[in-house]
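Thanks, everyone. I have one structure today, and I will go through the ligand site and then two points of backbone geometry.

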Amino acid sequence: MRLAVVCYPTYGGSGVVATELATALARRGHEVHVVSYEQPFRFDPSQPNLWFHQVEVSDYPLFRYRPYTLNLTNKLIALVEDHGVEVIHSHYAIPHAQAAWMAREVLQQQRGIDVKLACTLHGTDITLVGREHSFFELTRFTIQRQDVLTVPSRWLREETETFFHVGRDDVEVIPNFVDVERFRPAVDQEAAKRDLGAQGRAVITHASNFRPVKRVLDVVQAFAVLRERIDAVLALVGDGPDLPQALRLAQTLGVRDDVRALGRLERLERVLMASDVFLLPSVAESFGLAALEAQACGCPVIGYHAGGLPEVVRDGESGLLCPVGEDLCLGTLAADLLSDRPRYQAMRLAARRRAEEFAIGPIVDRYERVLCRLLGAGRTAGAAVAGSGRVPC
Ligand code: GMT
């Protein structure tokens, strides 16, 4: 299969899923062209069968706002013409699904070429941005015109169905996945803590893009509650608009000296391996990839019973979920858990087991099947073609 993958290159779940899926499909012998305005985070340029195509954004004095979507559309048209791309897989609807649909229209009407469209909806494209009046109609129109739609959770499928009037049978749930070899419990957790300057202390971690949906202030409030009982450090990984306010709140609550703002990290697993608890109190998380990666490192997750998180974290088994907004509950449950070593150790094992259910291989199989199915009879995914390492599709 010759595939174009359109994604955001930034530090965040949709770009990570798109890039790792592209890499995995390239490893299986598919020809994969990743398209974005910058080379994505976690993209490996040395991987055979995998190419990156940068969208050059036009500048002209008349353009107060640069027309990225148009440049992207033209890039997709060129990729189909020059490389015989058969499927365009957009990650995050806006503006990728619109650009893919426009490219297909041009190709069909001007060249008589039929390209298939797949779109993976990731979260705020449906729950927030896509619902804005100025995006809604076009988002609804273009997602309805995709040949296949996938979402990472049943919860996001329901949101898509309710707000965008897409039939439940037209949306396939394919969860996020994790490389369980890369994200694994530390052989020596104390050594991992030493690297963070937190030897002998509990490490509480939060990783995100620090947007309002993540409720980062609740992370700090919860940490302050826990800190009254447990000697702990709060590791904040990533960056975003709410980080400065979170640090100010830590100052106000008297815990600023225990907070480490680590910024964007290439190797998140190093911090997760040192972590004792991962906090993710989002109000509408479609899945929570970071929570999955934390569990893969044997780190229980504490968050809110909201969005798709209960589909990732088994409440009471691999983590603990509180009612939305109850940051006192988050801090108290975390402190109780860390004070009960046998229960905590059992939860660490359960977290790892839960993550193994989302191991990359079988989930890439599902994407591969869905994409290959688009190419029609005789183009199904399956065992490698003898000797070539290539799949039939
Ligand atoms: O929706 C966003 O905030 C952006 C997006 C991203 O690019 O990080 O995150 C979403 O996609 C991830 C991958 O599918 C999911 O694991 C995240 O839960 C989801 N974020 C939200 O729904 C808030």
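There are 18 residues around the ligand, and those that come nearest are Gly13, Ser14, His122, Thr124 and Glu285. Keep in mind that this is a predicted model.

Now the polar contacts. A polar side-chain atom of Glu285 is 2.5 Å from a ligand oxygen. For Thr124, the distance from a polar side-chain atom to an oxygen of the ligand is 2.6 Å. Asn176 also places a polar side-chain atom by a ligand oxygen, here at 2.8 Å. As for area, the ligand taken alone exposes 480 Å², and the protein buries 93% of that.

Which pocket does the ligand take? The space it fills is the largest pocket.

What kinds of residues make up the shell around the ligand? Six are nonpolar, 10 are polar and two are charged. Helix 1, residues 13-27, gives the largest share of that shell, with three residues.

Why does the ligand lie between the two domains? Because domain 1, which is 2-177 plus 359-374, and domain 2, which is 189-356, both give residues to the shell around it.

On to the backbone. Most peptide bonds are trans, and most residues other than glycine have a negative phi. I have one departure from each to show.

The peptide bond from Ile94 to Pro95 is cis, and its omega is near -5°. Where is Pro95? It is placed in helix 3, which covers residues 93-111.

The other case is Arg42, which is not a glycine yet has a positive phi of about 70°. Arg42 is found in the loop between strand 2, residues 31-36, and strand 3, residues 50-54.

To go back to the site once more: the ligand takes the largest pocket, and it lies between domain 1 and domain 2. I will take questions now.

Notes. Residues are numbered from 1 along each chain as its sequence is written. This is a predicted model: local features need pLDDT of at least 70, side-chain atom pairs count only at pLDDT 80 or more; totals for chains, interfaces and linings use all residues. Side-chain values use heavy atoms; hydrogens and water are left out. A residue is near a molecule or strand if one of its heavy atoms lies within 4 Å of it. A polar contact is a pair of N or O atoms within 3.5 Å; within protein, one must be able to donate a hydrogen and the other to accept it, and residues adjacent in sequence count only if both atoms are side-chain atoms. Accessible areas come from the Shrake-Rupley method with a 1.4 Å probe; for residues, only the protein chains shown count as cover. On a 1 Å grid over the protein atoms alone, a cavity is a set of points where a 1.4 Å probe fits but cannot get out, and a pocket is an open set with protein on both sides within 12 Å along at least five of seven lines; lining residues have an atom within 4 Å of a point. A molecule sits in a cavity or pocket if more than half of its atoms lie within 2 Å of its grid points. Helices (H or I, at least four residues) and strands (E, at least two) are DSSP runs, numbered from the N terminus. Ala, Val, Leu, Ile, Met, Phe, Trp, Tyr, Cys and Pro count as nonpolar, Asp, Glu, Lys and Arg as charged, and the others, Gly among them, as polar. Domain bounds come from an automatic or database domain assignment.
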